[in-house]
Amino acid sequence: MSPFAHAAMHFAIGFCATLGIDHLVRRLHRIGSHSLSIAPLIMALVSAQAAHYLSPWLTPLLLAGYAAIAYREQRPPPEA
């Protein structure tokens, strides 16, 4: 597999997984309103660059970190 194809594959994985994580977090916290986020594009670019220059094993770690942050950030306040 060429380096470009490898990076493109990780770009697609990062983009689709981030969209899925955002959707799952909104469903878990029962968030009805939805606004377009730039996070899928940023995570896709970071995943592609990390897989190309560092290690392809960073993509799952980056996505797991994003999932943890997104879950914590979207929690409703305690009084709600």
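Let me start with one residue, L45. It is partly exposed, with a relative accessible area of 44%. Buried would need a value under 20%, and exposed a value over 50%, so L45 falls in between. Keep in mind that this is a predicted model.

Where does L45 sit? It lies in helix α2. And L45 has company. Together with F11, F15, L19, I38, L41, I42 and V46, it forms a nonpolar patch on the surface. The accessible area of these residues together is about 660 Å².

Which helices supply the patch? Two of them, α1 and α2, give at least two residues each. Helix α1 covers 3–28, and α2 covers 39–53. The largest share comes from α2, with four residues.

Now let me step back to the whole chain. The protein has three helices and zero strands. Along the sequence, the pattern reads α-α-α. The C-alpha atoms fill a box of roughly 50 × 20 × 15 Å, taken along the principal axes. There are 80 residues, and 25% of them count as buried.

Back to the patch, and to two of its members, F11 and F15. How many aromatic pairs does the structure hold? One. In that pair, the ring centres of F11 and F15 are 6.4 Å apart, and the planes are at 5°, so the pair is stacked. The cut-off for stacked is under 30 degrees. Look at the spacing along the chain, too. F11 and F15 are four residues apart in helix α1, so about one helical turn separates them.

Are these two rings' residues buried or exposed? Neither, quite. F11 counts as partly exposed, at 30% relative accessibility. F15 also counts as partly exposed, at 30%.

Next, the largest pocket. Its volume is about 350 Å³. What lines it? The lining has 17 residues. Lying nearest the centre of the pocket are D22, R26, S37, Y66 and Q74. The elements that give two or more residues to this lining are α1, α2 and α3, the last of these covering 58–73.

So what should you look for on the screen? Find L45 in helix α2. From there, trace the nonpolar patch over to F11 and F15. Check the stacked rings of that pair. Then turn to the largest pocket, and find D22, R26, S37, Y66 and Q74 around its centre.

Methods:
Residues numbered from 1 in each chain as written. Predicted model: local features only at pLDDT ≥ 70, side-chain atom pairs only at ≥ 80, totals over all residues. Heavy atoms only, no water. Patch = residues over 30% accessible without salt bridge, like charges linked within 9 Å, V, L, I, M, F, W, Y side chains within 5 Å. Areas by Shrake-Rupley, 256 points an atom, 1.4 Å probe, with all protein chains shown as cover. Salt bridge = Lys/Arg side-chain N within 4 Å of Asp/Glu carboxyl O. Buried < 20%, exposed > 50% of the residue type's maximum accessible area, 1.4 Å probe, protein only. Phe/Tyr/Trp six-rings, centres within 6.5 Å; stacked < 30°, edge-to-face > 60°. 1 Å grid on protein atoms, 1.4 Å probe; cavity = no way out; pocket = protein on both sides within 12 Å on 5 of 7 lines; lining within 4 Å. Points joined across faces, edges and corners; volume = space filled by probe spheres on them.
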